[in-house]
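User: I would like to go through this model step by step, with each term explained when it first comes up. Please show me the sequence and the structure before we begin.

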Amino acid sequence: MKKLTYFPGCSAHGTSEEFDSTLKLVLKTLDVELEDIPDWNCCGATSAHVMTENLAYALPLRNLVLAEKLPHTTMGIACASCYQRMKVTKVHMDENPELAAKINSTIVEEGHYQGKVDVKSMLQYAYEDIGLEAIRSKVTSPLTGLKVACYYGCLLTRPKKITQFDSPEFPMSMDRICEALGATATEFDYKTECCGASFSISNTEVVESLSGKILEMAQESGAHAIVVACPLCQSNLDMRQPDIEKKSGRKYGIPVFYFTQLMALAFGHPREKLKFPKHIVPVEGALSNIGKAEPAPEKIKKPTKAVEAESEVE
Amino acid sequence: MARVGVFVCFCGANIADYVDVPQVVEEVKKIREVKYAVEYKYMCSDPGQQMIRDAIVNNRLTSVVVAACSPRMHEKTFRKALSDAGMNPYLLEVANIREHSSWVHQKDKKAATEKAMDLCRMAVAKSIANEQLFEISVPVTKRALVIGGGIAGIQAALDIADARIPVVLVEKSPSIGGKMAQLDETFPTLDCSQCILTPKMVDVASHPFIELIPYSEVLELQGFVGNYKAKIRKKASYVNFKTCTGCGACWQKCPVKVPNEYNMGLDKRRAIYTPFPQAVPNKPVIDAEHCTMLQKGKCGICAKVCQPGAIDYTMQDEVIEREIGAVVVATGYDLWDPKPYEEYGVGRFKDIITSLEFERMVSANGPTNGVPVRPSDGKVPKNVVFIKCIGSRDEAKGIEYCSKICCMYTTKHTILLHHKVHDSHSYVFYMDIRAAGKGYEEFVHKAQVDTHATYLRGRVSKIYKKGDKLMVRGEDAQIGQVVEVEADLVVLATAVTSPHDNPELARLLGISYDKHGFLSEAHPKLRPVETAKAGIFLAGCTQAPKDIPETVAQASACAAKVCGLFAGDTLKKDPMISTVNTEFCSGCQNCVNVCPYGAIVTDEVPFGHGSKEMRTVAKINEGVCQGCGSCVAICRSMAINLAGFTDPQIINEIVSI
């Protein structure tokens, strides 16, 4: 039994409740136990770091300090934005002890930051700490036939200096996880394009245009569904999809899953537990492809130039 | 008693703005031995030197201190001024109050002034103990080694050899020619690269004063200016060049296919091969790594078809030695690997190629007979996007410097594309157009007007695939909008980098290189072809990115330097070298181990006067000693003395502050 400190973040209790609950299902199967940070607080999200540096660091730092009171060495975070704020704070505090001391002084009653807890997104944890082999071993109903476009968004792998995980421009970790589940990852060039993020509320048109392009590229790649690891990406691509369809005149009907939902599905958890009714775009059409006979799945080709590296003998 | 003259320089504003020069002069005047002290705006100028000469004569000075810039800059100038006034030039001391004080303490004039005073006091104290020294003459081997057989090495070798000085030209690949041999046409005149290069290559091979050693590497360089000894490893070619006629039967029959380096891997060569048809020497070599006979002992077809019997599978690498007097390093450049541009899909999309790959395609002797094609489907592209500054001027992904040649060769590529595919269209994404050079700006204008190349100022942020097209999304900063271009082919102008093995070469030659691996010149403006090590010179891109005209000019400059070095029968050498007092030497040989130049050997001397018993002592080869002082520092019995830096001189300096 592995144990992991868990920071749920606000969306896990709201819009991305299906991420949170399927994550817990999946980790149970994988023999990982989550322990919530006691009395955790908001990460500050977009609002804090556009206002003041002090607040932007102090909010995540409080969570980091509280996390150190638990015995586990790693903190897993579901939401990409929470992950970003926490990881940025951790890296900057570790690099700059003077700054750490200054920020720490504002939350001194919670304790002293020591930098002993590592921060990982749940995607990174699944890929690096659990590993593809362990994931593959738990698959009871493989997702063969389902073609997915893995969409990482802007925060999970960037900036490289901070995240130190996967490629900042063309990540493959989620693609590999989906392949381990039996699904086929399509060649999708829009993996790290912006979905419009929190402009969803203040400037919906921008989101409709940016998310619309992502949907278009996913459809052109031949994907039945999009897979994400970020609550905001999910809500923009799923919730705005009917409006995007209306404006662009294109029909997409592409459901947007959290990768944990697909893991749970492949691990054989009953569909009722996967919160599919919470989706705006119906999932049944996409999921009906599972088990359908497919011509040889189109794998993402390894980078090759015009020539083969090996020599050949006639 | 010593009579010291002190000459303090303003260096225009360089020193005077940050150091109170008159105050320094007043301070040094207080020293008992200083009989004359004066300040002047430019001590290195002719009137400044005249002041020194006059003061020496009028004040009967016994030593001179010049407080000015680094001795690396003007020590020679001032020594000459001393000589002209009839004084031994080594009675000069330079107090470096510019690099060591005014330039580095610009924020604190008081402290800078005090430091300048200290430096002057030290120099005065040292100069009191200075002794007359006399230049040493060393013999010179009049033969030059040129490392690298690209256009830089070829030009340097030819120019030196034309002065009837023997040259050893070492090239690591099977043929000379370098990158220029891979080019189709050259900017801005569009003359054919091969046509202007191959005659020079043939001249090298046939020149009576050039010994061409292809397919070999320099292993070791020992000695000093005028007297170097180079070890060269001739890689086993498995072909006897003396009997081989270059008929080509072997490579036509060889069954092994290997990506062809000359064509950037766009087609295949055989395991026995000449790099290209115009190769010099035009003799094949066997690529041992891929040859099935050498790897597995099976095949042997080339030996069977070779009528003169030139194939020898048992050939071994051979190490040869050459005595030489000077070295020209011309190892050229590498190209940056654009893999970090993941947002462009480099490595995923076959139809993204580098500029040198494009160059090979449009070359008449290239893999596609001069027609550019898409690697994915072999179709001739209509819309081609050229992206400049791939790796250059991009600190986040690549390197901060400008590669200098990409603006011009990309311009050339738009013109060549237009020549080869008349209904094509070029789009060029650029940051700036750097076209400084004779006829360069006109050439860019020609591309924009005559061939209708569309120049878009801005960076490309993304390339994605749509059907069989590549969608190139970038900014057009001049209209302030994001633009998307549908491309059949994308060509990346990748940065020029230093050859990857430059650091290793620099270490074995004992010269320095910068953080990018380019070999360092002795002075960026006034000694651009010399290195800090006497007798070693730099030509071409190994020093910094440059185009062909500049490379050729630098190579010829190297040749002039080598000829100058060899003009006399001996070389003059500074007398600041170590000597061993054998009375004190205990023979511990610590000095032998620390000497970086191998200048110290052991010798046997009698134990005492008339004694028959012998003891070991250190002995210094004065031709090899560079006067670094390492032996002086390690010697426990204070038996070694470095002329110009004797213990009394150093102790005087320390005591003075």
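**Strands, cores and unusual residues**

User: How many bridges join strand E5 (residues 136-139) of chain B to E30(B)?
Analyst: Helices (H or I, at least four residues) and strands (E, at least two) are DSSP runs numbered from the N terminus, and two strands pair if DSSP finds at least two bridges between them. Within this pairing, Val138(B) stands opposite Leu571(B) in E30(B). The two strands run antiparallel, and the number of bridges that join them is four.

User: What is the mean pLDDT of chain B?
Analyst: Residues are numbered from 1 along each chain as its sequence is written, while chains are lettered from A and ligands numbered from 1 in the order in which they are written. The model is a predicted one, in which local features need pLDDT of at least 70 and side-chain atom pairs count only at pLDDT 80 or more, whereas totals for chains, interfaces and linings use all residues. The pLDDT is the predictor's confidence in each residue, from 0 to 100. In chain B, 100% of the residues reach 70 or more, and the mean is 95.

User: Which residues of strand E30 (residues 570-573) of chain B point to one face and are buried?
Analyst: In a regular strand the side chains alternate between the two faces of the sheet. A residue counts as buried if 20 or more other C-beta atoms, placed from the backbone, lie within 10 Å of its own, as exposed if there are 12 or fewer, and as partly exposed in between. In E30(B), Thr570(B) and Lys572(B) point to the other face and are not buried, while the buried residues are Leu571(B) and Lys573(B).

User: What is the order of the open sheet of four strands in chain B?
Analyst: The edge strands, each pairing on one side only, are E2 (34-40) and E4 (92-96) of chain B. Strand E1 (residues 4-9) of chain B is joined to E2(B) by six bridges, with Cys9(B) opposite Tyr40(B). The pairing is parallel, and the order is E2-E1-E3-E4.

User: Which helix of chain B packs on this sheet, touching E1, E2, E3 and E4?
Analyst: Helix H1 (residues 21-29) of chain B also packs on the sheet, touching E1, E2 and strand E3 (63-68) of chain B; residues are in contact here if their C-beta atoms, placed from the backbone, lie within 7 Å. The helix that touches E1, E2, E3 and E4 of chain B spans residues 109-128, and this is helix H5.

User: How many residues does the largest nonpolar core have?
Analyst: A nonpolar core is a set of buried Ala, Val, Leu, Ile, Met, Phe, Trp, Tyr and Cys residues joined through C-beta atoms within 7 Å. Among those with the most contacts inside the largest core are Ala229(A) and Val490(B), and its number of residues is 148.

User: Is Ala197(A), which has a positive phi near 45°, buried or exposed?
Analyst: Most residues other than glycine have a negative phi, and most peptide bonds are trans. Ala197(A) lies in the loop between strand E6 (184-185) and helix H10 (199-202) of chain A. Because there are 20 C-beta neighbours inside 10 Å, Ala197(A) counts as buried.

User: To which residue does a cis peptide bond join Arg158(A)?
Analyst: The residue in question has its place in the loop between strand E5 (147-150) and helix H8 (160-163) of chain A. The bond has an omega of about -10°, and the residue joined to Arg158(A) is Pro159(A).

How values were computed:
Two residues are in contact if their C-beta atoms, placed from the backbone, lie within 7 Å. Axes are lines fitted to C-alpha atoms, for helices over the stretch in contact, and angles run from 0 to 180 degrees between N-to-C directions.
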